[in-house]
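Biologist: Please zoom in on one spot in the interior for me and then work outwards from there. I'm new to this, so keep the jargon explained.

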Amino acid sequence: METTARQATARHYLMCPPTHFDVTYSINPWMDPGKPTDQSIAMDQWQRIHDQLIDLGHTVDVIPPLEGLPDMVFAANGATVYGDRALVARFRFPERDAESAGYLDWFAAKGLKIRQAALENEGEGDYLAAGPWILAGNGFRTDRRSHVETEEYFGRPVIGLTLVNDKFYHLDTALSALDDRTIMYYPAAFTPGSQGILRELFPDAIIADGDDAEAFGLNAVSDGKHVLMPEGAANLVAQLRAAGFESFGMDVSELLRAGGGVKCCILELHNQV
């Protein structure tokens with residue numbers, strides 16, 4: 001079979017350095033405050049992701065980290081952004097509430113139209129662009145009722161997907177949009193109904209096994225050809241190569257102590273130059 005020719009497109013991203021990275025509380029199964037963390041290792045891992053995006057020709061803005069907010073490094077959770085509109089997160093857990101103010105200020109300074117979500121909504125953690133749709137996770141962090149607000153605010157159809165395994169507490173831990181027609185995902189992270197939706201919309205999807213999912217291999221970022229993803233998802237790497245994508249394995253071992261991987265660190269500013 002002939003390998004599909006993939007086309008990379010330049011993207012605009014927002015990241016936040018892990019200056020205050022630590023695990024001082026537990027709001028997902030990956031977090032254990034009793035285990036030590038190393039901020040310098042986290043910074044090195046974050047920097048390699050940042051630099052790889054630059055090397056691939058993408059624009060990367062950096063939002064200043066706020067003291068006392070160790071999870072702000074996971075910028076994907078901060079908002080959903082299309083064009084001149086930003087819908088800033090309303091976090092489920094009080095430990096992350098103050099992050100929203102930082103994103104509201106940053107987007108306001110950039111001149112974007114901004115709104116903070118009325119209901120629990122954790123940004124691109126649970127909202128992923130896939131062709132004409134916004135795939136929207138719910139079940140752990142984002143209130144399903146917020147999908148209506150998101151659809152109306154951006155004028156884009158929202159497809160709700162329900163997560164059932166708390167290890168995959170955000171959509172971006174269980175699914176990655178690779179281009180407008182292709183996704184990869186872990187079926188067991190979703191309800192049977194949501195699995196059926198994904199099979200119908202994306203019949204040619206790349207399917208992850210449990211080992212790939214546990215390695216956080218689906219917490220990935222793609223520009224349509226190049227895929228940055230956590231190391232260790234060998235089956236996914238082989239499938240990506242066969243499908244014409246080029247993967248870049250990134251060490252996120254320290255960031256994973258807080259339940260974050262590559263995508264968690266990257267918020268895409270869709271349709272911005």
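Modeller: Let's start at Phe190. Skipping its neighbours within four places in sequence, Phe190 is in contact (heavy atoms within 4.5 Å) with Leu161, Thr162, Leu163, Val164, Leu171, Ala174, Leu175, Tyr185, Gln195 and Leu198. A quick word on ground rules: this is a predicted model, where local features need pLDDT of at least 70 and side-chain atom pairs count only at pLDDT 80 or more, while totals for chains, interfaces and linings use all residues. Residues are numbered from 1 along each chain as its sequence is written, and side-chain values use heavy atoms, leaving out hydrogens and water.

Phe190 belongs to the largest nonpolar core, a group of 33 residues in which Leu175, Met184 and Phe190 have the most contacts. A nonpolar core here is a set of buried Ala, Val, Leu, Ile, Met, Phe, Trp, Tyr and Cys residues joined through side-chain atoms within 4.5 Å. Buried means under 20% relative accessible area, exposed over 50%, and partly exposed in between, using a 1.4 Å probe on protein chains only. Who chips in two or more residues to this core? That would be β6 (127–130), β8 (158–162), β9 (175–177), β10 (183–185), β13 (226–230) and α6 (234–242). The largest share, three residues, comes from β10. Those labels come from DSSP runs, numbered from the N terminus: helices are H or I with at least four residues, strands are E with at least two.

Apart from that core sits another one, with 25 residues, including Val23, Ala42, Met250 and Cys265. Met250 is part of strand β14 (residues 246–250). With a relative accessible area of 9%, Met250 counts as buried. Beyond four places in sequence, the contacts of Met250 are Arg48, Ile49, Gln52, Leu228, Met229, Pro230, Glu231 and Val262.

Now back to β8, which we met in the first core. Strands β6, β7 and β8, in that order, make an open three-stranded sheet with mixed pairing; two strands pair if DSSP finds at least two bridges between them. The edges are β6 and β8, each pairing on one side only. On average, neighbouring strands here are turned by 30 degrees against each other, ignoring direction. Such angles run from 0 to 180 degrees between N-to-C directions, with axes fitted to C-alpha atoms (for helices, over the stretch in contact). Strand β7 (residues 133–138) runs parallel to β8 over five bridges, and Asn138 has Thr162 in β8 as its bridge partner. Thr162 also turned up in the contact list of Phe190.

Two helices join this picture. Helix α3 (residues 146–154) lies across β6, β7 and β8, at about 160 degrees to β7. Helix α4 (residues 192–201) packs on the sheet too, touching β7 and β8 and making about 135 degrees with the direction of β8.

One last stop, in a loop: Asn28 lies between β1 (12–15) and α1 (39–55). Asn28 counts as buried because its relative accessibility is 7%. Setting aside neighbours within four places in sequence, Asn28 is in contact with Arg141, Tyr169, Ala258 and Gly259.
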